[in-house]
Every structure is written in C-alpha cells, then in structure tokens.
Amino acid sequence: MLIPCFLFSENSAQESETIPADKMNIIKTNVTAYAFRNINLSYERAINQWFSLNIGFGTMLQGKVPFINAFLKDEDEKRFQNLRIKATNFTIEPRFYIGHGYGKGFYFAPYYRFSDVSSNTFDFYYDYDAPGGITYPIPLKGKGSTKGNSGGLMVGVQFFLTKSQNLVLDFWIAGAHYGTGTGDFTMTSDYVLTPDMQAQLKREIENLDLPFVDYTVETNANGAKVKVDGPWAGFRSGLSLGYRF
C-alpha cells in the first residue's frame with residue numbers, strides 16, 4: 001500500500017504547489033553506498049516536466065567481497081581469505097516522473113549499466129589426494145577480471161527538502177537489472193601439475209558452485225583458466241543526497 005499512498009499525496013499536492021522550472025540540473029551521491037566502499041556521483045538533467053536523464057558513475061575501492069559468506073561454504077571461504085576485489089560501474093537512466101515533475105515526485109526509470117570487476121592476486125589451494133592415500137595442499141595464485149552489460153528498471157521518489165528547493169533527497173525504492181557477463185581468471189602453481197592433479201583441480205573449482213555465475217574450467221600443467229560467460233544480475237536501492245541548480 002506504500003506506492004498508492006505516495007501517488008495520492010503527490011497528485012493532491014500538484015494543485016497547490018508549483019515547481020519552478022529554472023533549476024534543471026541535480027548533482028547527487030548515494031550516501032548508503034559508502035557503507036560498501038562505493039564512491040559515486042550522478043548528474044540528472046530535466047529535459048521537460050515529465051522526463052529527465054540521469055547519468056551515474058561509481059567505483060568500489062579494493063576490499064573484501066561483500067557478503068562472501070552468504071554464497072560460499074565455510075571451507076570454501078577459507079580458500080579465498082586474501083581475495084580482494086574492486087569494481088566500477090556506469091549507468092544511463094532515463095526517468096519518467098508521474099508526480100510534480102521537473103525532478104520531483106515518483107518516477108520509474110529503465111536503465112543500462114556497465115560493470116567492471118577485477119581482483120587482486122589472491123591465494124587459493126586445494127587438497128590433492130595422491131596415490132597411496134596421501135593428501136597434501138597444492139597452492140595456487142589467482143587473478144582476473146570480468147565485465148557485465150545489463151538492463152533494468154528502478155522505481156523511486158525524489159523530494160526537494162528546502163524552501164528554496166535546492167537540497168534534494170532521492171529514494172531508490174527498488175531496482176533490478178539483468179544481462180550478461182564475460183571474464184577470465186587464471187590460477188597458476190609453482191608445481192608442475194600431473195594429469196591427475198589437473199583433473200582434481202578442475203573438479204574442485206567446478207564444485208565451488210558459485211551462484212548467478214556460469215563458468216568453464218580448463219587446466220594445464222601450470223594451473224587453471226576459468227572463463228566466465230553467463231548471466232549478470234544485480235539489485236539497486238538506497239538514498240541519495242543532492243543539490244539542484
């Protein structure tokens with residue numbers, strides 16, 4: 001019932017409030033994203049009362065993978081203890097306002113997003129079951145990157161907080177995007193891997209069973225190559241503060 005209530009209040013207020021159209025630009029930053037090391041900035045330009053274009057850029061500083069324990073088993077998470085990632089994204093977002101307009105009120109926004117995620121050189125190991133019942137760890141070094149292109153839809157509402165209508169609050173109620181991602185990761189070992197070592201390494205990586213990721217594994221005497229080629233999905237929500245001018 002939240003959305004109908006907002007819509008009613010927006011439509012009712014239209015009769016008593018006029019939004020000046022002389023301030024057509026808004027600079028904003030999503031303050032909730034900083035909790036995830038994401039430094040970001042967006043620019044919105046009102047084209048007319050009901051339509052605007054929002055362009056955003058964000059970069060996540062290198063650090064631990066957010067919520068890694070939610071999609072890896074405990075024993076698998078230990079293998080990636082020093083894995084760090086960094087990411088950048090670029091978003092083009094046309095907005096259609098159904099409230100006051102000129103950047104105020106409820107809106108829905110189809111959008112395109114480009115994402116680029118890369119890792120540091122991280123440690124990985126697997127336990128090799130050698131003939132004779134002997135098991136010992138094989139260490140490897142991993143590194144790689146992946147890129148994604150996706151499209152989605154977001155619903156939000158934007159408020160002007162001051163009497164001068166310069167201070168802006170943009171509430172991203174919910175947004176989701178889906179597309180495709182491609183990338184390559186390599187894992188190298190100081191050991192010369194025998195065919196049996198390679199076969200076990202391939203099974204270990206395939207059995208990680210990472211969610212929302214399709215990947216294939218090739219092994220050789222030096223290690224493994226992991227090729228990512230499959231779906232790419234994400235979710236957006238948050239609060240942005242901005243200045244209108």
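**Exercise 1. Locate Ile39 and describe its surroundings on the surface.**

Ile39 is placed in strand 2 (residues 38–46); strands are DSSP runs of E with at least two residues, numbered from the N terminus. The model is predicted, so local features need pLDDT of at least 70 and side-chain atom pairs pLDDT 80 or more, while totals for chains, interfaces and linings use all residues. Residues are numbered from 1 along each chain as its sequence is written, and side-chain values use heavy atoms, with hydrogens and water left out.

Step 1. With a relative accessible area of 40%, Ile39 is partly exposed, because buried means under 20%, exposed over 50%, and partly exposed in between (1.4 Å probe, protein chains only).

Step 2. Ile39 belongs to a nonpolar surface patch together with Val31, Tyr34, Leu61, Leu161, Leu167, Leu239 and Leu241. The accessible area of these residues together is about 650 Å², from the Shrake-Rupley method with a 1.4 Å probe. Members of a patch have over 30% relative accessible area and no salt bridge (a side-chain nitrogen of Lys or Arg within 4 Å of a carboxyl oxygen of Asp or Glu); nonpolar side chains are joined within 5 Å, like charges within 9 Å.

**Exercise 2. Determine how strand 4 is paired and how its side chains are arranged.**

Step 1. Strand 4 pairs with strand 3 (residues 51–63) in the antiparallel sense over 11 bridges; pairing requires at least two DSSP bridges. Within this pairing, Phe57 has Phe90 of strand 4 as its bridge partner.

Step 2. Strand 4 also runs antiparallel to strand 5, joined by 10 bridges. Here Ala87 stands opposite Val117 in strand 5.

Step 3. In a regular strand the side chains alternate between the two faces of the sheet. In strand 4, Ile85, Ala87, Asn89, Thr91, Glu93, Arg95 and Tyr97 point to one face and are buried. Lys86, Thr88, Phe90, Ile92, Pro94 and Phe96 point to the other face and are not buried.

**Exercise 3. Classify the aromatic pairs Tyr97–Tyr107 and Tyr128–Tyr136, and find the charges placed over rings.**

Step 1. The structure holds 7 aromatic pairs, where ring centres of Phe, Tyr and Trp (its six-membered ring) lie within 6.5 Å; planes under 30 degrees apart count as stacked, over 60 as edge-to-face and the rest as tilted.

Step 2. Tyr97 and Tyr107 are 5.4 Å apart centre to centre with 55° between the planes, a tilted pair. The pair links distant parts of the chain, Tyr97 in strand 4 (residues 85–97) and Tyr107 in strand 5 (residues 105–119), 10 residues apart. Tyr97 is buried at 3% relative accessibility, and Tyr107 is buried at 1%.

Step 3. Tyr128 and Tyr136 form an edge-to-face pair, 5.7 Å centre to centre and 80° between the planes. Tyr128 is buried at 5%, whereas Tyr136 is partly exposed at 29%.

Step 4. The charged end of Arg95 sits over the ring of Tyr107, 4.0 Å from its centre. Arg236 lies over the face of Trp172, 4.5 Å from the ring centre. The criterion is NZ of Lys or CZ of Arg within 6 Å of the ring centre and within 35 degrees of the ring normal.

**Exercise 4. Identify loop residues with positive phi.**

Step 1. Most residues other than glycine have a negative phi.

Step 2. Arg37, in the loop between strand 1 (25–30) and strand 2, has phi near 65°. Arg37 is partly exposed at 26% relative accessibility.

Step 3. Tyr102, in the loop between strand 4 and strand 5, has phi near 50°, also a positive value.

Note on methods: Helices (H or I, at least four residues) and strands (E, at least two) are DSSP runs, numbered from the N terminus.
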